[in-house]
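I opened this notebook to keep track of what I looked up, step by step, for someone who has not seen this structure before.

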Amino acid sequence: IYVHPACATSQKALEFLRANGVPHELRSLRDRLPAKSELHRVLNGQAGGIRRLLNTSSKEYKRFNLKEKALEMAPAAIIDLVMANPGLLRRPILLGE
């Protein structure tokens, strides 16, 4: 699970995993971004697609006008934009085996 230490939603997800005995590997988004291949997995496996990957309340989302543009962008372009602007990532990111 990728989390941002200051993110309340990330902390709630961690509490849930711990309370339910779900084994997990904790990764901080401040220390390491997910690999492009991991982001492709999230994008392809999420109901809601691109908008489920993006933090729609972020400054970057508004600055890049992604409400209008995101649905027209290729998945690879979205991932490249996220890699260059990590604030665009919706947190937490939970990847299963």
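The entries below take up one helix and then the nonpolar cores of what is a predicted model.

Entry on the helix. I began with α1, which runs over residues 8-19, and found that its 12 residues reach 16 Å from the first C-alpha to the last, close to the 16 Å expected at 1.5 Å a residue. I then asked which residues of α1 are buried, and the list came back as S10, A13, L14 and L17. They lie on the same side of α1, because they cover an arc of only 100° around the axis. I noted the general rule that an α-helix has 3.6 residues a turn, so residues three or four places apart point the same way. Turning to the face away from the buried side, I found the exposed residues A8, K12, E15, F16 and A19. When I looked for what covers the buried residues of α1, β1 (2-3) was included. After α1 I came to G21, whose phi is positive, near 65°.

Entry on the cores. The largest nonpolar core has 18 residues, and I wrote down L53, L54, L66, I78, V82, L88 and L89 as those touching the most other members. The elements that give two or more residues to this core are α2 (36-45), α3 (50-53) and α6 (75-84), and α6 gives the most, with four residues. I followed L88 further and, leaving out residues up to four places away in sequence, found that its contacts include L53, L54, F64, L66, L81 and V82, as well as N55, S58 and E60. Apart from this core lies another, of five residues, among them I1, V3, A13 and L17.

Technical notes: Residues are numbered from 1 along each chain as its sequence is written. This is a predicted model: local features need pLDDT of at least 70, side-chain atom pairs count only at pLDDT 80 or more; totals for chains, interfaces and linings use all residues. Side-chain values use heavy atoms; hydrogens and water are left out. The expected span of a helix is 1.5 Å times one less than its number of residues. Buried means under 20% relative accessible area, exposed over 50%, partly exposed in between (1.4 Å probe, protein chains only). The arc is that of the directions from the helix axis to the C-beta atoms. Contact means heavy atoms within 4.5 Å. A nonpolar core is a set of buried Ala, Val, Leu, Ile, Met, Phe, Trp, Tyr and Cys residues joined through side-chain atoms within 4.5 Å.
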